[in-house]
Amino acid sequence: MLVTLMTDASHCPTTGAGGFGFWCVSNRGKLMGGKPLFGKVLDAYSAEAKGVANSIVIAFRSGIIQQGDKVIIQLDNIAVVAGINGKQRKIRKDIKEVLVFINNFKIENNITIECRHVKGHSKNTDNRYTANKHCDKRAKEQMKLARVELSK
């Protein structure tokens, strides 16, 4: 089955807090959500990669993504898109670990993944841009929760 997964992440450079938001849809239903990222996050690149990994796992556990599915992941970070698609040559060690996790998860669960770029913060009102805006809003909310948690 074809599944669309939109993700976005937010990162606070002052505190290292990060959060992600996602929207996933297939013929099995829809799922929206997000969570704060655990611990300090190095930068937006790391937050975006971790947001994708977490979103895939959540959507799989919910049953929206299942074994044998083709998952189209759309996000606004070109470097993460290239990394997931295997088209990036030099990858930082921390990002490589996340990409290895995504690849192993894909293999273990017989999932095909194709990643596409969607321009973030666009004034376009097509569905994919509207979904990206939703994910962006959710990611910021979750990053703020992570910021509070890190300040304790």
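# A walk from the sheet to the aromatic cluster

Start by selecting helix H1, which lies across S1, strand S2 (18–26), S3, S4 and S5 and runs at about 140 degrees to S1. Keep in mind as you go that this is a predicted model.

**Stop 1: the sheet**

Now colour the strands beneath your selection. What is the strand order of the open sheet? Read across, five strands line up as S3-S2-S1-S4-S5, with mixed pairing. Look next at the edges, where you will find strand S3 (29–36) and S5. Each of these has a single partner strand, so one side of S3 and one side of S5 are left without a neighbour in the sheet. If you turn the view to look along the strands, look for a twist that averages 20 degrees from one strand to the next.

**Stop 2: S1 and S4**

Select residues 2–11 for strand S1 and residues 70–75 for strand S4. These two strands run parallel and are joined by five bridges. To find your place, show Leu-2, which stands opposite Lys-70 in S4. As a reminder, strands of a sheet pair through backbone hydrogen bonds, either parallel or antiparallel.

Stay on S1 and pick Ser-10, which is found in this strand. Is Ser-10 buried or exposed? Its relative accessible area is 9%, so Ser-10 is buried. Leaving aside residues up to four places away in sequence, Ser-10 touches Ala-17, Gly-18, Gly-19, Ala-47, Ala-139, Lys-140 and Met-143. Show those side by side with Ser-10 to see what surrounds this serine.

**Stop 3: H1 against H3**

Return to H1 and add H3 to the selection. Two packed helices are described by the angle between their axes and the distance between the axes. Here the axes come within 9 Å and cross at roughly 20 degrees. An angle under 35 degrees counts as roughly parallel, and H1 and H3 are therefore roughly parallel to each other. The crossing of H1 past H3 is left-handed.

To display the contact, choose Tyr-45, Ser-46, Ala-49, Lys-50, Val-52, Ala-53, Ile-56, Val-57 and Phe-60 on the H1 side. On the H3 side, choose Asp-94, Ile-95, Val-98, Phe-101, Ile-102 and Phe-105.

**Stop 4: the phenylalanine cluster**

How many aromatic pairs does the structure hold? There are three. For one of them, zoom in on Phe-60 and Phe-105, which meet edge-to-face, 5.3 Å centre to centre and with 85 degrees between the planes. Phe-60 belongs to helix H1 (residues 44–62) and Phe-105 to helix H3 (residues 93–108), so this pair ties together parts that are 45 residues apart in sequence.

Keep Phe-105 selected and add Phe-101. These two rings are stacked, at 6.1 Å centre to centre and 25 degrees between the planes. Phe-101 and Phe-105 are separated by about one helical turn, because they are four residues apart in helix H3. Their surroundings are worth a look too: Phe-105 counts as buried at 14% relative accessibility, while Phe-101, at 40%, counts as partly exposed. With both pairs on screen, you can see how ring pairs link Phe-60, Phe-101 and Phe-105 into a cluster.

**Last stop: Asn-110**

Finally, follow the chain into the loop between H3 and strand S5 (112–117), and select Asn-110 there. Phi of this residue is near 50 degrees, a positive value in a residue other than glycine. Switch on the surface as well: Asn-110 is exposed, with a relative accessible area of 51%.

Definitions and conventions: Residues numbered from 1 in each chain as written. Predicted model: local features only at pLDDT ≥ 70, side-chain atom pairs only at ≥ 80, totals over all residues. Heavy atoms only, no water. Phe/Tyr/Trp six-rings, centres within 6.5 Å; stacked < 30°, edge-to-face > 60°. Buried < 20%, exposed > 50% of the residue type's maximum accessible area, 1.4 Å probe, protein only. Pairing = 2+ DSSP bridges. Axes fitted to C-alpha atoms, helices over the stretch in contact; angles between N-to-C directions. Contact = heavy atoms within 4.5 Å. Parallel < 35°, antiparallel > 145°, perpendicular 65-115°, else oblique. Left-handed = near helix turned anticlockwise from the far one by under 90°.
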